[in-house]
Every structure is written in structure tokens, then in C-alpha cells.
Amino acid sequence: FNALMTSLRKTASAPAGPAGLYNGFGVSVVGIVPFRGTYFGVNDTLVGINPYQKEKGIVGLASKFACAQTAALCAAFASYPFDTVRRRLQMQSEKPQEEWVYKGTMDCFGKIAAEEGTGALFKGAGANALRTVGSALVLVMYGEIKAALSG
């Protein structure tokens, strides 16, 4: 907890002031749209065509997990460029504004694409994909609990 408070104080006392705590907030909010849209859209589509959906055993559970994991991976990759921009905007918050590399969200997207190529927007996406297992499990458990409660 001390490290968190130290980090918050350091960022808030930087040249951008307390507003520096919110660098990247806008792009985070915008990034939620492709993530949630892809996440639920892909999952609902795959569940609809899953031939093992009604199975009660391990096959049914594994097929539901496969649908959820595929949806979580698609969503993670669809929204990852927004995370990259958010992180870069946050990282410059502690510097004086005259040292900032990016003037805002669109400037950051443009500079990354122009100077590093669009692939740079996905740097670290592979490691991020490992985090999708938990969200896939949550999606499956939600479906199972909902089915148990409804009947």
C-alpha cells in the first residue's frame, strides 16, 4: 500500500499535477467498447452454434470453456491497441510536459503507427492473452450458475 501511495503522490506532484493521474483515462473508456462488444458478441455467437451446449458432462463444460476462451482472446486482441496507448500516455505523466512525446490519444496512435509500425500497438499482447483464462472461467461459471438458478 505504501508503494501505491508513493506512486500516486509522485505522479500528482509532477508538472501535470493531479490531472496527470488521469492521463490515458479517455482511451481506456473508449477501449472498453471493442473489448465488451467482441467479448460478448463472439461468445454469444459461438455458444449459439455449439453442438455440445446442452451436454451436462465434461464435454459440455469443455466446449463452453472453448467458446469463452476464444471470445476472451478475440476481445483481448481487439482492445489491446487502446491499452498500449493508455500505458504510454500514463508513463509520460511524471515528466515535465515539454518532455512529453505524445500530445494526446490520437497523436500517440499516429506516432506509434508511423514510427514503429502498427505491430507496435500489439507489443505484449501475447503475455496479455494468458490473462484471458480467468475471464473465460468467469464467463463459463456465470452461464452455469444462471442455468442452475433458472431451472
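Here is a short tour of this predicted model, stop by stop, with something to select at each one.

**Stop 1: the helix pair**

Start by selecting helix α2, residues 25–49, and then add α3, residues 58–91. How do α2 and α3 pack? Their axes sit 7 Å apart, at an angle of about 170°. Angles over 145 degrees count as roughly antiparallel, so that is the label for α2 and α3. If you colour the contact of α2 with α3 by class, you should find 19 nonpolar, six polar and one charged residues.

**Stop 2: where α2 ends and the loop begins**

Keep α2 on screen and pick I49, which is found in that helix. I49 counts as exposed because its relative accessibility is 63% and the cut-off is over 50%. Now draw a distance from the C-alpha of I49 to the C-alpha of C67: it should read 9.8 Å, for two residues 18 apart along the chain.

Step on to N50, in the loop between α2 and α3. Is N50 buried or exposed? With a relative accessible area of 11%, N50 is buried. Show what surrounds N50: leaving aside neighbours within four places in sequence, its contacts are S63, K64 and C67. So C67 turns up twice here, as a contact of N50 and as the far end of the I49 distance.

**Stop 3: aromatic rings**

Next, display the aromatic side chains. How many aromatic pairs does the structure hold? There are four. One of them joins Y22 and F25, an edge-to-face pair with 6.4 Å centre to centre and 90° between the planes. Both rings belong to exposed residues: Y22 has a relative accessible area of 57%, and F25 has 52%.

For a contrasting geometry, go to F35 and Y39. Their ring centres are 5.5 Å apart and their planes meet at 15°, so the pair is stacked. F35 and Y39 both lie in α2, four residues apart, which is about one turn of the helix. F35 is partly exposed at 22% relative accessibility, whereas Y39 is buried at 4%. Add F40 to the selection and you have a cluster, with ring pairs linking F35, Y39 and F40.

**Stop 4: the nonpolar cores**

Select V27, F82, V85, L89, Y102, C108, F109, I112, A120 and L121. These ten residues make up the largest nonpolar core. Which elements give two or more residues to this core? They are α3 (58–91) and α4 (105–116). Apart from this core lies another, of seven residues, including Y39, A68, A136 and V140. You have already met Y39, in the stacked pair with F35.

Back in the largest core, centre the view on L121. Not counting neighbours within four places in sequence, L121 is in contact with Y80, P81, T84, V85, F109 and I112. Of those contacts, V85, F109 and I112 are also members of the core.

**Stop 5: the loop between α3 and α4**

Finish at V101, in the loop between α3 and α4. V101 is partly exposed, with a relative accessible area of 42%. Which residues does V101 touch, if those up to four places away in sequence are not counted? Select Q92, D107 and K111. For a last distance, join the C-alpha atoms of V101 and R88: these residues are 13 apart in sequence and 9.2 Å apart in space.

Technical notes
Residues are numbered from 1 along each chain as its sequence is written. This is a predicted model: local features need pLDDT of at least 70, side-chain atom pairs count only at pLDDT 80 or more; totals for chains, interfaces and linings use all residues. Side-chain values use heavy atoms; hydrogens and water are left out. A nonpolar core is a set of buried Ala, Val, Leu, Ile, Met, Phe, Trp, Tyr and Cys residues joined through side-chain atoms within 4.5 Å. Buried means under 20% relative accessible area, exposed over 50%, partly exposed in between (1.4 Å probe, protein chains only). Contact means heavy atoms within 4.5 Å. Rings of Phe, Tyr and Trp (its six-membered ring) pair if their centres lie within 6.5 Å; planes under 30 degrees apart count as stacked, over 60 as edge-to-face and the rest as tilted. Axes are lines fitted to C-alpha atoms, for helices over the stretch in contact, and angles run from 0 to 180 degrees between N-to-C directions. Angles under 35 degrees count as roughly parallel, over 145 as roughly antiparallel, 65 to 115 as roughly perpendicular and the rest as oblique. Ala, Val, Leu, Ile, Met, Phe, Trp, Tyr, Cys and Pro count as nonpolar, Asp, Glu, Lys and Arg as charged, and the others, Gly among them, as polar.
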